[in-house]
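Reader: I'm new to reading protein models, and I'd love a close look at one single part of this one. Could you pick a helix, show me how it packs, and then lead me out to a few other spots?

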Amino acid sequence: MSGQGCGTRRSATACALALLLTLVGLVGCGAQAGPVGTTTREIQTLLDRQSRALLDRDQAAYLVGVDPAYAPAALAVFRRLAAVPVDGWTYRLTGVDRTASDRVTARAELGYRLRDHDKRPATGARVLDLTERDGRWYVAGDRPADGAPRHLWEQGEVAAVRGDRSLVLGVGQKPERLREIAAAADRAVPAVSAAWPSDWAREVVVLVPGSLQGMGELLGAPGASYRGIAAVTTGETRGGADAPADRVIVNPEAYGVLGDFGRQLVLTHETTHVATRAATTPSTPVWLSEGFADWVAYRDAGRGPAQAAPELRRAVRAGELPARLPEDADFAFGGEADALARAYEGGWLACELIADRWGEGELRDFYRAVGAHPAREGAVEKALQEVLGATPEEFTADWRAYVGERLG
């Protein structure tokens, strides 16, 4: 299951506005004291020093720039990051609001890289509180912006397990669980590469929070939205070859009740999202991205349609053959569990149909062709015609017949 809202895009107007704000000193409304540009430069310099001290693991230098009241919380995060293989950490100021003569609230973009995984920084919006004493600024708070995700190391002590093809970071998890997840991720990578032999990183980063609530915090959403969802994948849509590595985020509650087969299926499905990220765009319907990930996961699993699509099979046998391919809204989190399962199963059977009737190579070509289209409208129609030689009406009719044959 791929996370919602993965990409970040800004219009030329927004970029120009951001540049203008930078040039005028990034200041908001409120009481002001001292030259605005000087304040902004001093704060940026402070944040640059903090970033360098963190990367150098220089605790004394790090605490020099921290307000004493905030030091315990700041030090906790500093120490937790020792377990995380970070080799890049930067703050870029995007706004400064003076709230008192000696206090400001700063908005910034935090960028960080995981060693051997991120080609460029993963980013997130932060809000920092700063206080001034004797002409020097100190960090007095650092938190996610409204709606922005928290980081795993803000949730507790981090444990790291390196697999042959994976990095697993967990909070509140037993070491054996993290090792088991790393082993499953290591098995998933070659399975996905066999089904999607295109150039991709062939490694996966997995985050395992301590609870469903923690999962929601990592995604910047209520944890209840993901109840019953074993894992999701986040990343930058159309991020290119140098995009930060995707993060597979595990729901420890739903994942924990699965058996060995189910856990492997989940990790292979999510790893498929990592592999296909560069070919997945806003033009790609959810039935195709999720159906393809399930197709890869079931490809060599030795499970037939009755086992892989039990909810859709139950509906077909009750005389409720679906009239259309699943729509994006059918995959919404928090809805009826049976309906969500039928949407996934319908997407899987659509991909299974293409691989079975036209071939696996044509399925991959179809996936790429849909994602390469400049807009959602017409993407599937054009790819159906050019890759499979079919119209949407013909394909839907073939899919409905295939569902009936395989599940009836």
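Author: Let's pick helix H9 (residues 286-298) and begin with its partner helix H8 (residues 260-275): the two pack at an angle of about 130°, with their axes 8 Å apart. Keep in mind that this is a predicted model, where local features need pLDDT of at least 70 and side-chain atom pairs count only at pLDDT 80 or more, while totals for chains, interfaces and linings use all residues. Residues are numbered from 1 along each chain as its sequence is written, and side-chain values use heavy atoms, with hydrogens and water left out.

A few words on terms. Helices (H or I, at least four residues) and strands (E, at least two) are DSSP runs, numbered from the N terminus. An axis is a line fitted to C-alpha atoms, for helices over the stretch in contact, and angles run from 0 to 180 degrees between N-to-C directions.

Back to our pair. H8 and H9 are oblique to each other (under 35 degrees is roughly parallel, over 145 roughly antiparallel, 65 to 115 roughly perpendicular, and the rest oblique). Their crossing is right-handed (the near helix is turned clockwise from the far one by less than a right angle; anticlockwise would be left-handed). On the H8 side of the contact (heavy atoms within 4.5 Å) you'll find Phe 261, Leu 265, Thr 268, His 269, Thr 272 and His 273. Across from them, H9 brings Ser 289, Glu 290, Phe 292, Ala 293, Asp 294, Val 296, Ala 297 and Tyr 298. Sort the residues of this contact by type and you get 7 nonpolar, 5 polar and 2 charged (nonpolar is Ala, Val, Leu, Ile, Met, Phe, Trp, Tyr, Cys and Pro; charged is Asp, Glu, Lys and Arg; the others, Gly among them, are polar).

H9 has another partner, helix H13 (residues 360-372), and these two pack at about 150°, with their axes 11 Å apart. That angle makes H9 and H13 roughly antiparallel, and their crossing is left-handed. From H9, the contact uses Trp 287, Leu 288, Ser 289, Phe 292 and Trp 295; H13 answers with Glu 360, Leu 363, Arg 364, Phe 366, Tyr 367 and Val 370. Here the split is 8 nonpolar, 1 polar and 2 charged.

How enclosed is H9? Of its 13 residues, 12 are buried, so the helix is largely enclosed by the rest of the structure (buried is under 20% relative accessible area, exposed over 50%, partly exposed in between, using a 1.4 Å probe and protein chains only). The buried ones include Gly 291, Trp 295 and Tyr 298. You can check the length of H9 too: at 1.5 Å a residue it should span 18 Å, and its end C-alpha atoms are 18 Å apart, which agrees. The expected span is 1.5 Å times one less than the number of residues.

Try that check again on helix H12 (residues 337-357). Its 21 residues should span 30 Å, and the end C-alpha atoms are indeed 30 Å apart. Inside H12 sits Leu 340, which counts as buried at 15% relative accessibility. Skip its neighbours within four places in sequence, and Leu 340 is in contact with Ile 229, Asp 330, Phe 331 and Ala 332. After H12 comes Gly 359, with a positive phi near 120°.

Speaking of phi, most residues other than glycine have a negative one. Asp 116 has a positive phi, near 70°; this residue is in the loop between strand S2 (103-114) and strand S3 (122-133), and at 58% relative accessibility it counts as exposed. Asp 134 also has a positive phi, near 55°. You'll find Asp 134 in the loop between S3 and strand S4 (136-144), exposed at 82% relative accessibility.

One more pair, for contrast in angle: helix H11 (residues 310-317) and helix H15 (residues 392-407) pack at about 95°, with axes 9 Å apart. That makes H11 roughly perpendicular to H15. In H11, Leu 312, Arg 313, Val 316 and Arg 317 meet Val 403, Gly 404 and Leu 407 in H15, a mix of 4 nonpolar, 1 polar and 2 charged residues.
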